[in-house]
Amino acid sequence: MSKPMQEPKMTNAVYINRDLSWIEFNRRVLEEAQDPTTPLLERIKFLSIVSTNLDEFMSVRVAGITDQLKAGYAKKDFTGYTPEGLLRRIMKRTGKMVQEQYKTLRELSRALAKEGLIFTDYDDLTASQKKQMDPYFHDFVFPVLTPMAVDQSRPFPLVHSLHLYLAVTLLREGDDPEEEPYFAIVQVPSNLPRAVQVPSRANSAKREYVLLEDLIEEHIQSLFAGYIPVSVDPFRLTRNADLTLDEEGAEDLLEEIEKELKRRRWGSPVRLEVRKGFHPYALEMLKEEFEIEDNVIEIDGPIDLSYLMRFALALPGFDHLRYPKLEPVYPREFDETDDFFGVLRARDVLTYHPYESFEAVSDFLDQASEDPQVMAIKMTLYRVSGNSSIVRSLAKAAEAGKQVTAVVELKARFDEERNIAWARQLEKAGCHVVYGLVGLKTHAKILLVVRQEQDGLRRYVHVGTGNYNDNTARLYTDVGLFTSHPVIGEDASVLFNEMTGYSAPHDWQAFGVAPTDMKTKLFELIAREADNAAAGKPARIIAKMNSLSHQEMVDKLYDASRAGVPIDLIVRGVCCLKPGVAGRSDTITVRSIVDRFLEHSRIFYFENGGDPQVWLSSADWMTRNLTRRIELMCPVFDPHLRDMLIQILRLSLNDNVKARVLLSNGQYVRESERAEAQAAAMTPFRSQFEAMDIVTWKKWRATF
C-alpha cells in the first residue's frame with residue numbers, strides 16, 4: 001500500500017485556515033473552563049459550551065468537508081488545504097481537544113466534590129440509596145422509555161442527531177453465550193434532567209448525582225423481560241445539519257423549509273461518539289447502519305457534556321461559585337420619561353448590552369405599538385427568544401390597525417422551527433410577513449417607526465449589532481443606536497423597500513449594505529487610510545468583530561499595513577489574517593477576548609486624517625456576510641456617541657486579563673504571557689468588568 005501523500009507545511013502560508021482557526025477559538029473557550037480564577041460553576045458552563053460549539057462545527061463545517069470528499073473534490077482552498085488534508089488535521093486537533101476537555105471534567109468534578117456536589121457511579125451508591133431511586137425510575141423514567149429491537153422484522157429505527165442513546169446487546173435466557181447476541185437501542189429522554197439527584201446518605205450534607213443513562217442501565221432488565229443484558233453502551237450520532245433549499249423553485253419558502261427540516265432528521269452521519277469499552281458487536285452494528293468508519297470518537301467519560309449548562313443554571317444556592325449577578329442599568333436617557341420619541345427628537349441614544357437593559361428596545365417598540373400617531377413599524381427578525389415581547393408588540397400594533405412589516409429570516413440555522421412559529425403568529429395578527437430575498441439571509445438588525453407629527457412624518461430608527469432577542473441580550477455584548485436622524489431614516493425606508501419589493505440597489509447616503517456595496521465601501525475606507533498614511537496624515541483602523549475570513553478583505557488589510565497604517569483587530573473567533581509578518585502585516589495586531597459574556601458587537605473605526613468615523617454593523621468580515629447576506633453598516637454621527645464607541649474599543653485594546661494575542665505563527669497567547677517581563681508591574685485590566693463600571697457611572701472617555 002502506498003503511503004498517503006504528505007500535506008505541505010503551512011508555517012509560511014499567507015493565511016490561516018478558517019476551520020483550524022475556529023478550533024483555536026474553541027480551545028480558548030476551554031481555557032476559560034481551566035482557569036482557576038473563574039468561578040467553579042462558570043467553569044462548568046464553559047465546559048458545556050465547548051461541547052455545543054463542537055457539535056455545531058461537526059454538523060455544519062465538517063459535514064461540508066465530508067460532502068466535498070464524497071464528491072471527489074480535491075482542490076486546495078485559498079489557505080492551501082485540500083479537503084482531505086484539512087479533515088485529517090481537524091480530526092487530529094479536535095481529538096486532542098476532547099481529551100483535554102475530559103481531563104478538565106475530571107479536575108472540575110474533584111473541585112465540585114470539595115464543595116459538596118458529587119457525581120457518582122451508580123454502583124457506588126449504598127443499598128438504601130439504590131432502593132430510594134427505584135420509585136423515581138419507575139414513576140418518571142420507565143413510562144417514557146421505548147426499547148427498539150433490531151432484527152429481520154424490525155428495521156433499524158431513526159436515530160436523531162445529537163441525542164443520547166443506549167446500545168443494548170442481549171441473550172435470550174438459556175442461549176449459548178457464544179451465539180450472536182440480539183441488539184436493541186433505547187433513547188435517553190432529553191426532556192428529563194440528565195443529572196439526577198440521589199437521596200442523601202445518612203448524616204451527610206453533600207448532594208450526590210447520577211447520570212440518567214446510568215440509572216436506565218441499572219434498570220435495563222425491566223425493558224427486556226426474558227432476556228439477559230450482555231452490555232449497555234451509550235452512543236450519540238451527529239448528522240449533517242445544513243439545509244439544502246431550492247429557493248428559486250419554491251412556491252412557498254415557509255413550506256419548503258418545513259419539508260427540509262423533516263429531511264434534516266435523515267441527514268448523512270458525520271460523527272459517532274461511543275463510550276470507552278463499547279461492545280464490539282454493538283459497535284459494528286452501528287458502523288454498518290450509519291456507514292461510518294473513520295469519524296468514530298471513543299469518549300472516556302459521559303458522552304455530551306452540554307448537560308452541564310442546565311445543571312449549573314438549575315442548581316439552587318451556591319452563588320459563591322458563580323459570577324456576581326449583573327443587574328443591567330436602564331439607559332439613563334430614557335429612565336426619567338415615558339416619551340421615547342421626545343428624547344430622540346432631541347438627541348441620539350446608544351445602548352451597550354448586557355450592561356444596559358434590552359428592555360429599552362422592548363419598551364420603545366411597545367410605546368410605538370400603542371401610540372396613535374405611529375403609522376407604520378418595520379423590523380427585521382433573525383433569532384427571537386422563546387417568549388418574545390418584541391413579537392407581542394408587533395402583533396399588538398397590527399391589531400391596532402398600524403402598518404406592520406416583519407422581515408423574518410426563516411433560514412437562521414437551528415432556529416428555523418421557532419421562526420416559522422413566529423411568522424405564523426405575526427401573520428395571524430395581521431402583520432405583513434416577508435421572508436427576505438431569494439438566495440440571501442437577512443441578517444441586518446434594524447427597526448423603523450414612522451410617526452405622524454405636527455411638522456410632518458418623522459422616522460425613528462434602531463440599528464443594532466445583535467439580534468432582537470432579550471435572552472441573548474443578557475449574555476452577549478452588543479451595541480444599539482436609537483436615532484431620528486433624517487438621513488438614516490431615509491436610508492432605512494429604502495432598505496425595507498428593497499427587502500420587501502422590487503427596488504433597484506440604492507445609492508446610500510449613510511448606510512453600507514451587503515451584498516450590494518458594503519464590501520466596496522469597506523475597501524474604500526481601508527484604501528483611504530492607506531492613502532492618508534502615505535501622505536503623512538493621521539491614519540488608523542480599529543475593527544471589532546466575531547470573525548475575519550474573507551480573503552480579499554485580508555489582502556486589503558495587508559495592503560494598508562504595507563502603506564504604514566496601524567491596524568488593531570479585535571476578533572473573537574475565526575481570523576484568517578496573520579499579523580506581525582515582516583513586509584506584509586508589520587503594523588497589524590489581532591486580539592481575541594473570551595470572558596463572562598460573549599463578545600458580539602461589530603464596531604469599525606477609521607481615523608480619516610484626524611476626523612474619525614465610527615460605524616456599527618451586523619456583519620463580520622466573512623465571505624457569507626459580505627456576499628450572501630443582507631447586512632447593514634451604519635455610521636454614528638453624534639460626536640458624544642462616537643466617543644462612547646471609541647471607549648468600548650479602547651477597553652478591548654487595554655484588556656490584559658482575558659485578551660489573547662495572535663502571533664505570526666498562528667498561535668494565541670494571553671496578553672499577560674506575551675508581556676511576561678512586564679507582568680509583575682502590570683495593573684490587571686479586564687475589559688468586561690471595566691465596562692460594568694463605566695456604564696453604571698457613565699464615565700466615558702474617548703482617547704486612545
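Which residue in β4 is the bridge partner of Leu 166? I began with this question, keeping in mind that the model is predicted, and I found Val 186 in that place.

**Entry 1, strand β3.** I then followed Leu 166 to its other side, where its bridge partner in β7 is Pro 234. For Ala 167 I noted that Ile 185 in β4 stands opposite. Looking at whole strands, I found that β3 (residues 164-172) and β4 (residues 182-187) run antiparallel and are joined by 6 bridges, while 9 bridges join β3 to β7, again in an antiparallel arrangement. I also looked up how covered β3 is, and recorded that 8 of its 9 residues are buried, so that I describe the strand as mostly covered, taking buried to mean under 20% relative accessible area.

**Entry 2, the sheet.** I traced the strands outward from β3 and wrote down an open sheet of 6 strands in the order β2-β4-β3-β7-β8-β9, whose pairing is mixed. At its edges I found β2 (147-150) and β9 (296-299), and because each has a single partner strand, one side of each is left without a neighbour in the sheet. Ignoring direction, I noted that neighbouring strands are turned against each other by 30° on average. I next asked what packs on this sheet, and the entry I made is helix α2 (residues 40-70), which touches β7 (227-239) and β8 (269-275) and whose direction makes about 145° with that of β8.

**Entry 3, helices α15 and α16.** I turned to another part of the chain with a general point in hand: the angle between the axes and the distance between them describe two packed helices. For α15 (residues 518-534) and α16 (residues 551-562) I noted an angle of about 10° and axes 9 Å apart. I therefore call α15 roughly parallel to α16, since angles under 35 degrees count as such. I recorded the crossing of α15 and α16 as right-handed.

Which residues of α15 meet α16? From α15 I listed Lys 519, Leu 522, Phe 523, Ile 526 and Ala 530, and from α16 their counterparts in the contact, Glu 552, Met 553, Lys 556, Leu 557 and Ala 560. When I sorted the residues of this contact by type, I arrived at 7 nonpolar and 3 charged, with no polar residue.

Technical notes: Residues are numbered from 1 along each chain as its sequence is written. This is a predicted model: local features need pLDDT of at least 70, side-chain atom pairs count only at pLDDT 80 or more; totals for chains, interfaces and linings use all residues. Side-chain values use heavy atoms; hydrogens and water are left out. Axes are lines fitted to C-alpha atoms, for helices over the stretch in contact, and angles run from 0 to 180 degrees between N-to-C directions. Helices (H or I, at least four residues) and strands (E, at least two) are DSSP runs, numbered from the N terminus. Angles under 35 degrees count as roughly parallel, over 145 as roughly antiparallel, 65 to 115 as roughly perpendicular and the rest as oblique. A crossing is left-handed if the near helix is turned anticlockwise from the far one by less than a right angle, and right-handed if clockwise. Contact means heavy atoms within 4.5 Å. Ala, Val, Leu, Ile, Met, Phe, Trp, Tyr, Cys and Pro count as nonpolar, Asp, Glu, Lys and Arg as charged, and the others, Gly among them, as polar. Two strands pair if DSSP finds at least two bridges between them. Buried means under 20% relative accessible area, exposed over 50%, partly exposed in between (1.4 Å probe, protein chains only).
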